[in-house]
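Thank you all for coming; I would like to spend a few minutes walking through one structure with you. Please have the sequence and the model open, and follow along as I move from place to place.

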Amino acid sequence: MINITHEPLDAEALTSQVLSETNGAVVTFLGVTRRFTRGREVLHLEYEAYRPMADSKLAEIAGEMRERWSVEDIAIAHRLGRLEVGEVSLVVAVASPHRREAFAACQYCVDRVKQTVPIWKKEFFEDGEVWVGSQDDEVALEAAHSSVRPG
Amino acid sequence: MRLFASYRERVGQAELALDLPEGATAGSLATEIARRFPDLTRDPGKLVVAVNQEYRDHGYGLSDEDEVALIPPVSGGSFESWGLRPAPHQPKNRRGQP
C-alpha cells in the first residue's frame, strides 16, 4: 500500500495492514521531523511532492523490495504539507516470514525513498528557510564546514 | 515545463513555457534553462529532467506532448552524490548486494 497524504500518518494502522499469518516479523520505520539540523533550530517544515510521479516511484521501490527479498506485505506512507517538529513524515512497514529480510528491506526502502522519490523538504528557521538539498543548502553547508575547519 | 520546490521559488513560477527547436533533447532544455536562469544551477549538466514522470538522461529526445519537469535534488541530498545524475533511474541494473 502506497499513500502520499496531507493527513497525519497513523503508524499503527499501517503496521497492522502488513500483518498476516505467514509473516513472523514486522519492521516499521518512522521518519520524524527533528528540532535541530546542523546546529540550527527548526521551527517547522514543509514537504512538497511531484505527483503522481512520487506515487509511482514509491510503488517502484516496493517492487524492488519484493524482487530482492521475500517480502510481500509492504506499506509506505509519506506526509506532505506543513509539519511541526516531532511529527511523522514517513512510515515504512515491512512484513516477512523472518526478521532479517524485514529489517533489510525496510532499510533499503528508506534509503531509496530519499534517493529517487520527487518529494522535497523545506526547513523553516527563526532567521530564514531552506530547501534541503538545494544549491542554497549546499552553500550553507560548505560555509558551515569551512568555518569549523582549522586554519 | 513544471518546476518544483527550490526551482519553483527561484524562477517564481510553477510552470514555464519554453520554445525549443525541432529535435530538442532534455539536455538542450537544461542548457536553455541554465541560460535563462543562471542562478538555478552552476552546471546545466547537473539538472535532472523528468519526461512524462520518468527520469531521463540528457540525450533523451523531447516531443510536443511530453510533460517535462525539472527535478531539484530531493531531501536526502543531491542526485549526483548517489551516482544518479544524469542517467535515468534503472533499479534493475543497480541490483547490488542486498
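Let me begin with a single residue in chain B, G61(B), which counts as exposed because 12 C-beta atoms are its neighbours inside 10 Å, and a residue counts as exposed if it has 12 or fewer. I should say at once that this is a predicted model, and everything that follows should be heard with that in mind. G61(B) sits in the loop that runs between strand 3 and strand 4 of chain B. If you look for S28(B), which is 33 residues away along the chain, you will find that its C-alpha atom and that of G61(B) are separated by 9.4 Å.

That loop takes us to the sheet of chain B, which is an open sheet of four strands in the order 1-4-2-3, with mixed pairing. Its edges are strand 1, residues 2–3, and strand 3, residues 54–56, each of which pairs on one side only. Strand 2, residues 48–51, and strand 4, residues 68–71, of chain B are joined by four bridges in the antiparallel sense, and within that pairing V48(B) has I71(B) of strand 4 as its bridge partner. Helix 2 of chain B, residues 26–36, packs on this sheet and touches strands 2, 3 and 4 of chain B, while its direction makes about 125 degrees with that of strand 2 of chain B.

Let me turn now to chain A. Chain A has four helices and nine strands, and if you read along its sequence the pattern is β-α-β-β-β-α-β-β-β-α-β-β-α. The C-alpha atoms of chain A fill a box of roughly 55 × 35 × 25 Å along the principal axes, and of its 151 residues, 36% count as buried. Among the contacts in chain A between residues at least 6 apart in sequence, 74% join residues that are at least 24 apart.

Chain A also has an open sheet of four strands, here in the order 1-5-7-2, and again the pairing is mixed. The edge positions belong to strand 1, residues 2–5, and strand 2 of chain A, each pairing on one side only, and neighbouring strands of this sheet are turned against each other by 10 degrees on average, with direction ignored. Strand 2 and strand 7 of chain A pair in the antiparallel sense over eight bridges, with V26(A) standing opposite A95(A) of strand 7. Two helices of chain A can be followed onto this sheet: helix 2 touches strand 1 and strand 5, and its direction makes about 150 degrees with that of strand 1, whereas helix 3 touches strand 2, strand 5 and strand 7, and its direction makes about 150 degrees with that of strand 7.

Helix 3 of chain A deserves a longer look. It covers residues 99–116, 18 residues in total, and reaches 26 Å from its first C-alpha to its last, close to the 26 Å expected at 1.5 Å a residue. Which residues of helix 3 of chain A are buried? They are E101(A), A102(A), A105(A), C106(A), C109(A), R112(A), V113(A) and T116(A). Seen down the axis of helix 3 of chain A, these buried residues fall within an arc of 135 degrees, and so they line one face of the helix. On the other side of helix 3 of chain A, R99(A) and R100(A) are exposed. The buried residues of the helix pack against strand 2, helix 2, strand 5 and strand 7 of chain A.

One of those buried residues, C109(A), touches I61(A), M65(A), I76(A), V92(A) and V94(A), leaving aside residues up to four places away in sequence. C109(A) is also, together with V94(A) and V49(B), among the residues with the most contacts inside the largest nonpolar core, which has 59 residues. As a general remark, nonpolar side chains tend to be buried together in soluble globular proteins.

Finally, a few words on strand 4 of chain A, residues 40–49. Strand 4 runs antiparallel to strand 3, residues 36–37, through two bridges, and F36(A) stands opposite E41(A) there. In the hairpin of these strands, which has two residues between them, R38(A) takes a positive phi near 50 degrees. Strand 4 of chain A is also joined by seven bridges to strand 8, residues 119–125, again running antiparallel, and Y47(A) stands opposite K121(A) of strand 8. With strand 6 of chain A, residues 81–84, strand 4 pairs in the antiparallel sense over four bridges, and L45(A) has L83(A) as its bridge partner.

Conventions: Residues are numbered from 1 along each chain as its sequence is written. Chains are lettered from A and ligands numbered from 1 in the order in which they are written. This is a predicted model: local features need pLDDT of at least 70, side-chain atom pairs count only at pLDDT 80 or more; totals for chains, interfaces and linings use all residues. Two strands pair if DSSP finds at least two bridges between them. Two residues are in contact if their C-beta atoms, placed from the backbone, lie within 7 Å. Axes are lines fitted to C-alpha atoms, for helices over the stretch in contact, and angles run from 0 to 180 degrees between N-to-C directions. A residue is buried if 20 or more other C-beta atoms lie within 10 Å of its own, exposed if 12 or fewer, and partly exposed in between; C-beta atoms are placed from the backbone. A nonpolar core is a set of buried Ala, Val, Leu, Ile, Met, Phe, Trp, Tyr and Cys residues joined through C-beta atoms within 7 Å. The expected span of a helix is 1.5 Å times one less than its number of residues. The arc is that of the directions from the helix axis to the C-beta atoms.
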